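Q: Could you pick one part of this model and take me through it slowly? I'm a first-year student, so please spell out the reasoning as you go.

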Amino acid sequence: MGFDSVTKKDYSNRRVWLETRLEELPKIFNIKIASYAIMSNHYHLVIFIDKEESDALTDLEVASRWHKLYKGTVLTK
């Protein structure tokens with residue numbers, strides 16, 4: 001997520017994008033982020049999935065949450 005010495009491109013803006021996304025995900029899905037580390041070329045993520053809350057969701061709730069991140073298809077809408 002930093003400077004690529006081969007292409008001479010700076011990708012440091014991706015770190016901010018990834019951190020922003022990591023803040024959004026627990027609000028949409030039944031996860032808790034225990035920790036994360038963002039390196040220049042990869043990242044590590046430790047999450048906890050709340051199985052009880054996830055199992056309690058209806059199919060409609062799952063689709064609705066998924067659509068908060070993705071456009072979906074005609075079928076899923």
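A: Let's start with some vocabulary: a residue is buried if its relative accessible area is under 20%, exposed if that value is over 50%, and partly exposed in between. Keep in mind that you're looking at a predicted model.

The part I'd zoom in on is helix α1, which runs over residues 13-28. Let's check its length first. With 16 residues at 1.5 Å a residue, α1 should span 22 Å, and its end C-alpha atoms are 23 Å apart, so the two values agree. (If you try the sum yourself, multiply 1.5 Å by one less than the number of residues.)

Now, which residues of α1 are buried? They are Leu18, Leu22, Leu25 and Ile28. Look at where they sit around the helix: they cover an arc of only 130° around the axis, which means they lie on the same side of α1. The spacing helps you see how that works. An α-helix has 3.6 residues a turn, so residues three or four places apart point the same way. Then look at the other side of α1, where Asn13, Val16, Glu23 and Lys27 are exposed.

What covers that buried side? The cover includes β3, β4 (43-49) and α3 (59-66). The buried residues of α1 also turn up in the largest nonpolar core, which has 7 residues in all: Leu18, Leu22, Leu25, Ile28, Ile31, Ile38 and Leu69. Two elements, α1 and β3 (31-38), each give two or more residues to this core. Helix α1 gives the most, with 4 residues.

Next, the charged side chains. Arg15 and Glu19 meet in a salt bridge, with 3.6 Å from N to O. That fits the cut-off, because a salt bridge needs a side-chain nitrogen of Lys or Arg within 4 Å of a carboxyl oxygen of Asp or Glu. Both residues lie in α1, 4 residues apart, which is about one turn of the helix. How open are they? Glu19 has a relative accessible area of 24%, so it counts as partly exposed. Arg15, at 34%, is partly exposed as well.

There's another salt bridge in α1, where the side chains of Glu24 and Arg21 meet at 3.9 Å, N to O. Glu24 and Arg21 are 3 residues apart in α1, so about one helical turn separates them. Glu24 comes out at 31% relative accessibility, which makes it partly exposed. Arg21 is partly exposed too, at 23%.

The structure holds 3 salt bridges, and one of them is in helix α2 (residues 51-56), where Lys51 and Asp55 are 4 residues apart, or about one helical turn. Their side chains meet at 2.8 Å, N to O. Here the labels change: Lys51 has 57% relative accessibility, so it counts as exposed, and Asp55 is exposed at 52%.

Finally, let's place α1 among its surroundings. Tyr43 lies in strand β4, and β4 is among the elements that cover the buried residues of α1. Along the chain Tyr43 and Arg15 are 28 residues apart, but their C-alpha atoms are separated by 9.6 Å. Tyr43 is partly exposed, with a relative accessible area of 44%. For another pair, try Ser54, whose place is in helix α2. Ser54 and Leu18 are 36 residues apart in sequence, and 24 Å lies between their C-alpha atoms. Leaving out residues up to four places away in sequence, Ser54 touches Asn30 and Ile49.

To put α1 back together: one side carries the buried Leu18, Leu22, Leu25 and Ile28, whereas Asn13, Val16, Glu23 and Lys27 are exposed on the other side. Within the helix you can also find the salt bridge of Arg15 with Glu19 and the salt bridge of Glu24 with Arg21.

Conventions: Residues are numbered from 1 along each chain as its sequence is written. This is a predicted model: local features need pLDDT of at least 70, side-chain atom pairs count only at pLDDT 80 or more; totals for chains, interfaces and linings use all residues. Side-chain values use heavy atoms; hydrogens and water are left out. A nonpolar core is a set of buried Ala, Val, Leu, Ile, Met, Phe, Trp, Tyr and Cys residues joined through side-chain atoms within 4.5 Å. Buried means under 20% relative accessible area, exposed over 50%, partly exposed in between (1.4 Å probe, protein chains only). The arc is that of the directions from the helix axis to the C-beta atoms. Contact means heavy atoms within 4.5 Å.
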